[in-house]
Amino acid sequence: MSEILIAFGRALRSLTRRGVLVHLLWPGLVALLLWIGAAVFLWTPAVEGVMAWIDSWAFARDWLTGSEIGAATVLTLVKIALVLALLPLVYVTAALLVAVFALPMILERVATRDYADLERRKGGSNLGSAWNALVAGLLFLLGLLVSLPFWLIPGVGIVVSLVLTAWLNQRAFGYDALMLHADREELARLPRVLRPPMLLLGGGCALLAYVPLVNLLAPAFCGLAFVHFMLESLRRERIARGVTVLDALPGAPS
């Protein structure tokens, strides 16, 4: 838990550095504008489509046609569920923009300043980052789609969104944070070994998505926190193995 708090603290400190804050702001703004535009054009068809889907259930159709209060209640719940669903959609869009575009630039600035002692073994790549982010985004959307019927139950949508977003954060940002410094073996092993604290860190970041105004920075701030958490973990792991910045790559000729 202390390592997670340290990562958050270092991420806050990094906000004061030139060139970092702008990369935290633009992904959230772009994602928000995209989904507001989509909502303007798709709101009515989306509401009608969900209501038609619910009406296709035999037991629900009888209840809706026989009770105006019941129909009004379901319509209200559908609208609330759609609004709540917009938040993770905005977040996942911003997170993908961060993972592919913003985080590599943030990583360069932060690593040069705070982790200069870590040897850069370049086990990952920008192409690998883009592929990892795409897979993470698709799996997130699949989970969101499968869980939609449960969003009609008050409170369930928020819980599902938090769990999915926590998973998305650790999957998308864990790779990017390590891709410059870890070798291929470390890049495959560390996210697996550190999955529980990574999920906890991702969950803490997911909560920020529900704080007004802060949610615009949440995806990129989460990526920044993962940079600090993963690189500090890599540093400690190498120290424990007796690896120094001057060590050659594993298997390289001396």
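At what angle do H6 and helix H8 pack, and how far apart are their axes? I began my notes with this pair, working throughout on a predicted model.

**Entry 1: the helix pair**

I looked up H6 and helix H8, the latter covering residues 195-208, and found that they pack at an angle of about 120°, with their axes 7 Å apart. I therefore noted H6 as oblique to H8, since the range that counts as roughly perpendicular runs from 65 to 115 degrees and roughly antiparallel begins over 145. For the handedness, I wrote down that the crossing in which H6 passes H8 is right-handed.

I then listed the residues in contact. On the H6 side I have Leu162, Thr165, Ala166, Trp167, Asn169, Gln170 and Gly174, and these meet Arg195, Met198, Leu199, Gly202, Gly203, Cys205, Ala206 and Leu207 on the H8 side. Sorting this contact by class, I recorded eight nonpolar residues, six polar residues and one charged residue.

**Entry 2: the largest cavity**

Next I turned to enclosed space, and I found two cavities of 30 Å³ or more in the structure. For the largest cavity I noted a volume of about 50 Å³. Its lining consists of Glu3, Ile6, Ala7 and Arg10, together with His228, Phe229, Glu232, Ser233 and Arg236.

Which helices each supply at least two residues of this lining? I found helix H1, spanning 2-14, and helix H9, spanning 214-240, and of the elements involved it is H9 that gives the most, with five residues. By class, I counted four charged, three nonpolar and two polar residues in the lining of the largest cavity.

**Entry 3: the second largest cavity**

I recorded a volume of about 40 Å³ for the second largest cavity, and I wrote out its lining as Leu87, Pro88, Tyr91, Ser161, Thr165, Ala209 and Tyr210. The elements that give two or more residues to this lining are helix H4, which runs over 68-114, and helix H6, which runs over 156-178. The largest share, three residues, comes from H4.

How many charged residues does the lining of the second largest cavity have? I found no charged residues there, with five nonpolar and two polar residues making up the classes, whereas the lining of the largest cavity has four charged residues.

**Entry 4: a cross-check**

Going back over my lists, I noticed that Thr165 appears in the lining of the second largest cavity and also among the H6 residues that meet H8. I marked Thr165 for that reason as the residue that links my first and third entries.

Conventions. Residues are numbered from 1 along each chain as its sequence is written. This is a predicted model: local features need pLDDT of at least 70, side-chain atom pairs count only at pLDDT 80 or more; totals for chains, interfaces and linings use all residues. Side-chain values use heavy atoms; hydrogens and water are left out. On a 1 Å grid over the protein atoms alone, a cavity is a set of points where a 1.4 Å probe fits but cannot get out, and a pocket is an open set with protein on both sides within 12 Å along at least five of seven lines; lining residues have an atom within 4 Å of a point. Grid points are joined across faces, edges and corners, and a volume is the space filled by probe spheres set on the points. Helices (H or I, at least four residues) and strands (E, at least two) are DSSP runs, numbered from the N terminus. Ala, Val, Leu, Ile, Met, Phe, Trp, Tyr, Cys and Pro count as nonpolar, Asp, Glu, Lys and Arg as charged, and the others, Gly among them, as polar. Axes are lines fitted to C-alpha atoms, for helices over the stretch in contact, and angles run from 0 to 180 degrees between N-to-C directions. Angles under 35 degrees count as roughly parallel, over 145 as roughly antiparallel, 65 to 115 as roughly perpendicular and the rest as oblique. A crossing is left-handed if the near helix is turned anticlockwise from the far one by less than a right angle, and right-handed if clockwise. Contact means heavy atoms within 4.5 Å.
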